[in-house]
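This report describes the overall build of a protein and then one of its elements in detail. The sequence and the structure are shown first.

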Amino acid sequence: QAQLVESGGGLVRAGGSLRLSCVASTSIANFNGMGWYRQAPRKDRELVGAISSGGRISYANSEQGRFTISRDIAENTLYLQLNSLRPEDTAMYYCAAWAPLYWGQGTQVTVSS
């Protein structure tokens, strides 16, 4: 059973940036896909973006443009680059992997006004 551990969250001022990491205990190349989700207080968990095993990347919000998914297969790590952060980006950010399905515990991102 794979383990996913997120890190990189924290407190940042509006306009700042963070780089979130998701380290897997097994090779991420063996997953059917991976993705980043987020859940803000009083809201449902929502998909931010995903990457297939072949490297195809998709984003739930095509207008976002501020977030970028990438991976380092050698390091078993999925990344989410968050730029130009806004207070409404405040949420718990979760990593997921489909093999068939694993969830990390999340990393909190808080953006001050």
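Along strand 11 (residues 107–112), which side chains point to one face and are buried, and which point to the other and are not? In this predicted model, T107, V109 and V111 share one face and are buried. Q108, T110 and S112 point to the other face and are not buried. In a regular strand, side chains alternate between the two faces of the sheet.

Strand 11 pairs with strand 2 and with strand 9, as the table sets out.

| Partner of strand 11 | Sense | Bridges | A bridge pair |
|---|---|---|---|
| Strand 2 (residues 10–13) | parallel | 4 bridges | R13 with S112 |
| Strand 9 (residues 91–98) | antiparallel | 3 bridges | A91 with V109 |

The bridge pairs involve both faces of strand 11: V109, the partner of A91, is among the buried side chains, whereas S112, the partner of R13, is among those that are not buried.

Turning to the whole protein, there are 11 strands and 0 helices. Its radius of gyration is 13 Å, close to the 13 Å that the globule rule gives for 113 residues, so the protein is as compact as a globular protein of that length. The C-alpha trace spans about 40 × 25 × 25 Å along its principal axes. Of the 113 residues, 42% count as buried. Among contacts between residues at least 6 apart in sequence, 53% join residues at least 24 apart.

The accessible surface comes to about 6,100 Å², and 45% of that area belongs to carbon and sulfur atoms. The protein carries 10 positive and 8 negative side chains, with the centres of the two sets 3 Å apart.

Note on methods
Residues numbered from 1 in each chain as written. Predicted model: local features only at pLDDT ≥ 70, side-chain atom pairs only at ≥ 80, totals over all residues. Heavy atoms only, no water. Buried < 20%, exposed > 50% of the residue type's maximum accessible area, 1.4 Å probe, protein only. Helix = DSSP H or I, 4+ residues; strand = E, 2+ residues; numbered from the N terminus. Pairing = 2+ DSSP bridges. Rg over C-alpha atoms; globule rule 2.2 N^0.38 Å. Contact = heavy atoms within 4.5 Å. Areas by Shrake-Rupley, 256 points an atom, 1.4 Å probe, with all protein chains shown as cover. Lys, Arg positive; Asp, Glu negative; His and termini not counted. Charge placed at Lys NZ, Arg CZ, Asp CG, Glu CD.
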